Every structure is written in structure tokens, then in C-alpha cells.
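Welcome! Below are some short exercises with worked solutions, to be read alongside the structure. Try each task yourself before you read on.

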Amino acid sequence: MHTTIDWDTCVAEEGCRGIRAAGTDMCLAHLDSDALDAFLAGLEPGSDLDLSGTAISTGLLGPLLDALRDEDGWAVLGHARFTEARFTGGTGFGDVHFRGNVWFEGAHFEHNAGFSATQFDGLARFAGVRIEGDAWFMGANFEDNTDFTDAYIGDRAFFSGVHFGGYAMFAGAHFADDASFGAVDFAGDGLFVGARFEGSTDFADACFGRSADFRGAEFNDSSSLTIVAAEQVDLSGAAFASPVALGVDASGLDLRGAAFPSGVRLELRRAAVDLEGARIEGPTTLSGGSRPMASEEDGPPIGEPLPPGRSPRLLSPASGAERMPVVVSLRGVDCTNLTLNDVDLSSCRFAGAMNVAALGLQGQCVFARPPRTRGGRFGRLVRWSRRRVLAEEREWRTAMGYRGWVDDPDEAEYLVGLERPEVSAEQMADLYRSLRRALEDNADQPGAADFYYGEMLFRARAVSTPSAERAILWAYWAFSGFGLRALRALAALAVLVAVTTAVLAGWGIPDKAPQQRVEFTLPPGASGGQVAAEIDTPSAGLPDREDRWTGDRLEKAARIAMGAVVFRDAGKELTDVGAWTVVVSRFTGPVLLALAVLAVRNRVKR
């Protein structure tokens with residue numbers, strides 16, 4: 001990096017870019033010993049210093065800092081400029097206190113640069129600095145804003161234990177070897193946009209008072225990031241070439257478009273994470289953390305979960321999920337290698353995700369629930385079944401005019417104004433089918449039952465489903481909740497018994513059993529031979545209308561009806577109406593009993 005030279009340069013030799021020392025026409029590096037001694041004698045602790053463009057050797061830096069030392073042994077500077085300075089030997093600023101602003105813009109350290117425990121009270125600008133060897137900043141204290149934009153560190157970088165009192169800008173910085181930011185305290189924003197980490201990278205227990213921005217950063221070796229941030233951590237577009245361990249305790253985590261070709265182990269605490277478009281190719285687990293990533297007493301303030309990057313329309317989480325991390329979106333994600341564990345999926349968008357059936361769901365993953373209110377479509381009162389639903393269904397129902405599914409009034413107004421839902425019924429059925437298969441593969445049959453219910457419900461609503469099939473599905477829903485609502489089947493069975501009883505009492509049981517009558521005639525003169533007889537059974541009759549609803553008849557009808565639903569023949573004489581009623585009951589009753597048993601089994605099997 002070369003800045004525009006706005007100082008008078010040294011005349012000692014052609015091409016020297018060093019600024020002239022006060023009262024001379026040469027830079028500090030070209031002064032003779034007497035002139036240098038005179039210059040150093042004029043310095044005192046707190047003096048300003050400008051060595052822009054100067055070549056500074058170890059032999060020059062030592063006496064220079066000695067001239068600025070106070071009684072405590074600290075070299076104290078006021079404003080200091082080292083813009084485009086060239087440090088030809090190993091450089092140590094470890095016992096230096098910069099009371100004013102300091103500029104190292106475009107400076108070149110040909111060997112190691114040591115700033116361990118250095119105190120920076122004012123603005124510290126290292127933009128475009130180039131350090132060929134190690135960079136030691138361990139324990140340094142930057143009270144104001146710090147700028148390492150486009151910095152290059154050719155060997156190891158040590159920033160462990162550094163305190164940044166303002167924002168810390170590392171945008172475009174290039175770390176050619178290992179970089180350690182363990183236990184770093186960023187009081188403001190930490191900006192690593194477009195930074196490149198070629199070696200092993202460590203952000204263990206790094207704390208950010210505001211946000212951590214790693215947009216487009218490249219991590220080309222093993223990485224471990226354990227970050228606590230008061231606001232959000234932005235890793236959108238970041239690329240991790242090797243497996244990475246990522247722990248985040250923040251309000252939001254933006255992973256949109258991030259690339260994990262070797263997988264990631266991601267542990268979150270309370271963060272709302274957006275994975276839309278993330279490229280996940282290796283084994284990946286996303287888990288809700290049960291403990292803080294760092295000391296809550298020393299860390300930044302803890303806020304409520306906020307949306308990463310934009311404002312996702314978070315829906316009301318299920319009770320008890322307040323501390324669970326919230327997954328906002330999986331759109332565009334291939335879920336083949338992804339496992340979710342103990343996360344809140346009540347507002348997650350699955351539409352557009354690939355291979356959802358291969359998604360691993362473990363632990364207590366929370367989904368949305370239907371509203372507790374009974375606001376139906378266009379003012380009708382509806383009681384919603386308690387089950388797990390997707391965020392897409394809540395939006396779909398709101399767009400179709402159902403009330404109470406979306407809490408945000410602005411969100412609801414937007415959805416109601418849509419010409420059609422953003423996700424079709426066919427897509428909804430496919431999403432529920434995929435998630436059902438995912439839970440079945442995880443041996444969670446009761447959990448899969450809720451998604452089976454959603455799948456069948458949207459199959460019945462899909463335009464592509466044939467009319468006859470839709471009629472069968474709606475009947476299946478009405479009488480047993482798709483084989484998942486035992487009370488519906490039992491209620492239908494009770495209604496069947498009641499109706500059968502009423503029909504039998506009113507029109508199915510005759511007044512009394514008819515007497516058989518035998519009539520025969522002997523021909524004249526017959527004696528001893530065979531006699532032909534004809535037996536006649538008269539048709540059964542009903543009692544008078546006022547005598548049909550007696551207690552005895554109702555009890556008899558109830559016994560016949562209860563027996564009919566379990567294929568039991570009562571052996572009673574019935575009218576034609578009663579006989580056909582029993583036939584219908586013998587067919588319908590066992591079906592309803594089977595549906596009730598099926599519903600119970602689907603809810604309790606493992």
C-alpha cells in the first residue's frame with residue numbers, strides 16, 4: 001500500500017521517502033551521530049513523533065524509545081506517525097504507551113513486529129501494514145477505533161487477550177499463517193469482511209460488545225470460533241475449507257451463502273440463525289447449547305433473539321423455547337448431511353430446501369402450533385387440532401383468510417393481500433411428507449404422525465388431487481382425523497349406535513313375534529295316508545306410534561345396535577327397515593372401531 005506523499009522527503013539519497021527531521025533536510029535514518037543525538041535530546045515523554053517513510057533499524061528504534069521513557073519505564077508518545085515507514089529489523093513496541101493517535105498505514109515490517117501489552121489511547125491505524133514475520137499483539141489495549149484494513153501478516157499473528165475499545169476493522173486483512181484471537185474483547189464491532197485466514201484460526205472465547213462481521217471471509221485451514229456477541233454474528237458468504245467448530249452466543253447468526261465443504265459442528269445459544277443458500281457438503285450438526293460460551297459476568301450484555309441481516313417474520317415460539325436457538329430458514333440448503341438438535345423450528349422456512357427427508361432431527365426440536373383462538377376463515381369459528389405445523393402453513397392459512405395464525409398485524413395484512421399463497425398446497429404436502437420421513441427415520445413415530453396429518457390435509461386441498469380421491473380423504477379426515485384422532489372415530493361410533501338404536505326402536509322392531517299358522521285340508525274319504533300342510537308366517541307389524549318409544553323397546557334396540565357394530569347377530573325378528581339398518585351398522589361399526597384403534601396405535605408406538 002502506498003499513500004500519497006504529503007511531506008518533505010529526505011535529500012540524503014535519491015529515492016529516500018523518509019520525512020525530514022525538524023530543522024534538517026534529511027530523515028532520521030540519515031542524520032549523523034551529532035544531529036541524531038540533538039534530535040533525541042529534544043524528546044521527552046509524551047512528545048509527538050513523525051517518522052513517515054523512514055527506514056527504522058533496531059539500532060535506531062531502541063535509542064528513540066529510550067528518549068521517550070518516563071519514570072515507570074514506559075516509552076510515552078503523543079501523536080505518532082509511522083506512515084510508510086520501513087522497519088528493517090525485529091521491532092518491539094511492547095513497553096510503549098501511545099497517548100495520542102498513531103498511524104502505521106502502509107508501514108513495512110521486514111521481520112517480526114512486537115506490540116505485546118502496548119497501550120493505544122487514541123486512534124490506531126494499521127491499514128495496509130505489511131508484516132513479513134510474526135505479529136505479536138498479545139495483551140495490547142486499544143482504547144479507540146482500530147484499523148487493520150488490507151493488512152498482511154506473513155507469519156503467525158497473536159492477538160490473544162487484546163482489548164479493542166472502539167470498532168476493530170480487519171476488512172481485507174490477509175493472515176498467511178496461524179492467527180489467534182483467543183479471549184479477545186471487542187467493545188464495539190469487529191469487522192473481518194473479506195479477510196483471509198490461510199493457517200489455523202482460533203477465536204476461542206472472543207467477546208463482541210456489538211456485532212462480529214465476517215462476511216465473505218475465507219478460512220483455509222482448521223478453524224475454531226467460539227464467539228459471544230451482544231448483537232449478531234455475520235458469516236454470510238464465508239468459506240471454510242476444512243472442518244470447523246463454531247460456537248455462537250448472540251442475538252443472530254447469518255450463514256446465508258456460507259460454504260462448509262467439509263462440514264461444521266455448530267453450537268448455538270439463543271441465536272436466530274439463517275442458513276438460506278448455505279452450501280453444506282460434509283457432516284454438519286446444529287445444536288442448541290445449554291450453557292453460555294463465556295462468562296456471562298464478563299461478556300457483553302445479553303439481548304433478545306433478533307433476526308440476522310434482515311427481519312425474518314418470527315412466529316410465537318412454543319412454551320419453554322425462549323432460550324432455544326431459532327432456525328429462520330433452510331431455503332436452498334441440501335439437508336443430506338445436516339442434523340438439527342434442540343433447536344426452535346417454529347419460524348423456519350423449509351420451502352426450497354433440498355433432500356428434506358434426509359434431514360436429521362434429534363432432541364427437542366420445537367415446531368409451531370396452530371392458534372389457540374377459534375378464528376376461522378372469514379369469521380367462521382373453528383377449533384384447530386393441536387399438532388406441529390410449519391411456518392409455511394401459518395402463512396398459507398393467513399393468505400387464505402384464516403385469522404389468528406400470524407401474530408404480526410403487518411405480516412397478516414401483507415399475506416391477506418396476496419393473490420395466492422406463496423407456497424402451494426402441493427408443495428405443502430411434499431414438505432410435510434419429507435419431514436414425516438425424516439422423523440420416521442429417527443424412530444419418532446408419534447412426532448411423524450403430526451406431519452402425516454399435515455401431508456394428508458394438503459393432499460385433500462391440492463388441485464392436482466382427483467375429485468374422488470379428495471372426497472375419500474375428506475371423509476377419512478372427518479371420521480378419524482386421517483387415522484390419528486381416536487376421539488373422532490369413537491364419537492362417530494357413538495353417533496352410529498344412537499342412530500341405529502333410534503331407527504330400530506321406531507321402525508325396526510315389530511310389536512311382537514307373529515304366530516305361525518298351519519292350515520291343511522283332508523280330502524273326502526282320506527284315511528291314513530299323507531297329509532299336505534302349508535305353514536304361513538304373517539308379516540311383522542309395528543306397534544302404534546305412541547307405543548314405539550317405551551323403555552323396553554329402547555333397551556332392546558340399544559342391545560341390538562351394540563351387538564351389530566361388532567358383527568354379533570342378535571337373533572331377533574326385525575322389520576325390513578331394521579334388517580337393513582343392522583347390515584349397515586355391521587359394516588360401519590367395525591370400521592370405526594378399527595380407525596380408533598389405529599389412531600391410538602399411531603400416537604403411542606415407538
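## Exercise 1: A helix and its sides

Task: compare the expected span of helix H9 with the distance between its end C-alpha atoms.

Solution. Helix H9 covers residues 551-564, which makes 14 residues. At 1.5 Å a residue, H9 should span 20 Å, and its end C-alpha atoms are 20 Å apart, so the two values agree. Keep in mind throughout that this is a predicted model.

Next, which residues of H9 are buried? They are Arg-553, Ala-557, Ile-560, Ala-561, Gly-563 and Ala-564. These residues cover an arc of only 165° around the axis, which means that they lie on the same side of H9. On the other side of H9, Gly-551 and Asp-552 are exposed.

## Exercise 2: The same check on H7

Task: repeat the span check for helix H7, then look at the residue just after H7.

Solution. Helix H7 runs over residues 467-480 and has 14 residues, so at 1.5 Å a residue a span of 20 Å is expected. The end C-alpha atoms of H7 are 20 Å apart, which agrees. Just after H7 comes Gly-481, with a positive phi of about 60°.

## Exercise 3: Two aromatic pairs

Task: classify the pair Phe-137 and Phe-159, then the pair Phe-181 and Phe-192.

Solution. A pair of aromatic rings is described by the distance of the centres and the angle of the planes. A search of the whole structure gives 57 aromatic pairs. In one of them, Phe-137 and Phe-159 lie 4.8 Å centre to centre with 5° between the planes, and the pair is stacked. Phe-137 is in the loop between strands E13 (135-136) and E14 (141-142), while Phe-159 is in the loop between strands E17 (157-158) and E18 (163-164), so the pair ties together parts that are 22 residues apart in sequence. Both Phe-137 and Phe-159 are buried.

Now the second pair. The ring centres of Phe-181 and Phe-192 are 5.5 Å apart and the planes meet at 90°, so this pair is edge-to-face. Phe-181 belongs to the loop between strands E21 (179-180) and E22 (185-186), and Phe-192 to the loop between strands E23 (190-191) and E24 (196-197), 11 residues apart. Phe-181 has 0% relative accessibility, so Phe-181 counts as buried. Phe-192 is buried too, with a relative accessible area of 0%.

## Exercise 4: The surroundings of Ser-52

Task: decide whether Ser-52 is buried or exposed, and find its contacts.

Solution. Start with the place: Ser-52 sits in the loop between strand E1 (47-50) and strand E2 (55-56). Its relative accessibility is 2%, so Ser-52 counts as buried. The side chains of Ser-52 and Asp-50 are joined by a polar contact of 2.7 Å. Beyond its neighbours within four places in sequence, Ser-52 is in contact with several residues, including Trp-7, Arg-17 and Arg-81. Arg-81 in turn lies over the face of Trp-103, at 3.8 Å from the ring centre.

## Exercise 5: Positive phi values

Task: examine the phi angle and the accessibility of Asp-205 and Asn-355.

Solution. Most residues other than glycine have a negative phi. Asp-205, in strand E25 (residues 201-208), has a positive phi of about 60°. Its relative accessibility is 37%, so Asp-205 counts as partly exposed. Asn-355 has a positive phi of about 55° and lies in the loop between strand E39 (338-341) and strand E40 (360-362). At 44% relative accessibility, Asn-355 counts as partly exposed.

Methods
Residues are numbered from 1 along each chain as its sequence is written. This is a predicted model: local features need pLDDT of at least 70, side-chain atom pairs count only at pLDDT 80 or more; totals for chains, interfaces and linings use all residues. Side-chain values use heavy atoms; hydrogens and water are left out. Rings of Phe, Tyr and Trp (its six-membered ring) pair if their centres lie within 6.5 Å; planes under 30 degrees apart count as stacked, over 60 as edge-to-face and the rest as tilted. Helices (H or I, at least four residues) and strands (E, at least two) are DSSP runs, numbered from the N terminus. Buried means under 20% relative accessible area, exposed over 50%, partly exposed in between (1.4 Å probe, protein chains only). A charge sits over a ring if NZ of Lys or CZ of Arg is within 6 Å of the ring centre and within 35 degrees of the ring normal. A polar contact is a pair of N or O atoms within 3.5 Å; within protein, one must be able to donate a hydrogen and the other to accept it, and residues adjacent in sequence count only if both atoms are side-chain atoms. Contact means heavy atoms within 4.5 Å. The expected span of a helix is 1.5 Å times one less than its number of residues. The arc is that of the directions from the helix axis to the C-beta atoms.
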